[in-house]
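Here are my notes on the model you sent, as numbered points. Please keep the structure open while you read them.

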Amino acid sequence: MTRTLSTAVSNLLDDELVKPLLAVKLPFPSGGTLRLWTGHGDITVDSETYSGAGQFLGISIVEESEEVKATGITLTLSGVPSTLLGSLITEEFQGMLVVVHLGFLGDSNAVTGSFKIFSGLADNVEIAETGTTSTVSMKVESRLILLEQSSSRRYTNEDQQTSHANDTSLRFVATLQDKEIIWGKA
C-alpha cells in the first residue's frame, strides 16, 4: 500500500533522534474501546487518547506485499490482571475492526505525526495464565480474508427477495436451467 508521509513526519525522519510509537485501537463489542500505545502515559493520536502499555504491549511484524493477499498480525498484552479476564472471555471479539498506527514523538513528547499501518478484523483470542497475571494474544487478519470466504448467497429470485424485496432482475433464472440454447446455427 502506498503511503504519503506528511511534511512533519518527513522532517522527523531527518532528525538524529527518531522516537517511533505504535498505537492500537480495539473496540469492545459491549461499547467501549481499548486504546493502547507502546510507551508510558497518555498521548493523543488522531484526536483520540491512548494509554501507555509500555513493554507489556507487543505487536508482530506488519507484512506488506505487492500481491493481493490477506496478511495478519498478532497483538500481545502481558501482565493482564486475572480480575480483567472475565470480560476478555465473555466478549465476542471476532470480526471487530482493529487499527494500528505508527506515529512519532516530537521534542515535547507529543505526537507530531502518525499514519495507519494496519487495519483488520479480530480473529481469535488466546489467554495464557501464570497465576496472578495473564498474557493475552489476539490474531488480527486483513480485511482481504473476507475474499477467501465462500458466499452462502444464491443467484435465485428467492434469495434476491430476502435482501431486495422490489428487485425482480433474477425472476427468469429458474427457467434458464432447462433452456435449450442453440449455439452457432442459423
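1. Glutamate 48 and lysine 25 form a salt bridge in this predicted model, with 3.0 Å between the closest N and O atoms. The two partners come from distant parts of the chain, 23 residues apart: glutamate 48 lies in strand β4 (residues 48–52) and lysine 25 in strand β1 (residues 19–27).

2. Is glutamate 48 buried or exposed? Its relative accessible area is 22%, and because buried means under 20% and exposed over 50%, glutamate 48 counts as partly exposed. Lysine 25 is also partly exposed, with a relative accessible area of 25%.

3. Glutamate 48 forms a salt bridge with arginine 35 as well, and here the closest N and O atoms are 3.5 Å apart. This pair, too, links distant parts of the chain: arginine 35 sits in strand β2 (residues 33–37), 13 residues from glutamate 48 in strand β4. Arginine 35 has a relative accessible area of 23%, so it is partly exposed.

4. How many salt bridges are there by this rule? The count comes to two. Through shared partners, Lys25, Arg35 and Glu48 are joined into one network.

5. Histidine 101 belongs to strand β7 (residues 97–105). Its relative accessible area is 8%; the cut-off for buried is under 20%, so histidine 101 is buried. Which residues does histidine 101 touch, leaving aside those up to four places away in sequence? Among them are Leu21, Leu22 and Ala23, which can be looked up together with Val45, Asp46 and Tyr50. The list also includes Ser114, Phe115, Lys116 and Ile117.

6. Strand β7 runs antiparallel to strand β8 (residues 111–129), and nine bridges join the two. To find one of these on the model, start at valine 99: its bridge partner in β8 is serine 119. The hairpin of β7 and β8 has five residues between the strands, and in this hairpin asparagine 109 takes a positive phi near 60 degrees.

7. Strand β8 is also joined to strand β9 (residues 133–142), by eight bridges, and these two strands run antiparallel. Here isoleucine 127 has valine 136 as its bridge partner in β9. Three residues lie between the strands in the hairpin of β8 and β9, where glycine 131 takes a positive phi near 95 degrees.

8. What does the secondary structure of the chain come to? There are four helices and nine strands. Read from the N terminus, the order of elements is α-β-β-β-β-β-β-α-β-β-β-α-α. The radius of gyration of the chain is 24 Å, well over the 16 Å that the globule rule gives for 186 residues, so the chain is more spread out than a compact globule. The C-alpha trace spans about 80 × 45 × 30 Å along its principal axes.

9. Some totals for the chain remain. Of its 186 residues, 27% are buried. Where contacts join residues at least 6 apart in sequence, 50% of them join residues at least 24 apart. The accessible surface comes to about 12,600 Å², and carbon and sulfur atoms account for 53% of this.

Note on methods. Residues are numbered from 1 along each chain as its sequence is written. This is a predicted model: local features need pLDDT of at least 70, side-chain atom pairs count only at pLDDT 80 or more; totals for chains, interfaces and linings use all residues. Side-chain values use heavy atoms; hydrogens and water are left out. A salt bridge is a side-chain nitrogen of Lys or Arg within 4 Å of a carboxyl oxygen of Asp or Glu. Buried means under 20% relative accessible area, exposed over 50%, partly exposed in between (1.4 Å probe, protein chains only). Contact means heavy atoms within 4.5 Å. Two strands pair if DSSP finds at least two bridges between them. The radius of gyration is taken over C-alpha atoms; the globule rule is 2.2 Å times the number of residues to the power 0.38. Accessible areas come from the Shrake-Rupley method with a 1.4 Å probe; for residues, only the protein chains shown count as cover.
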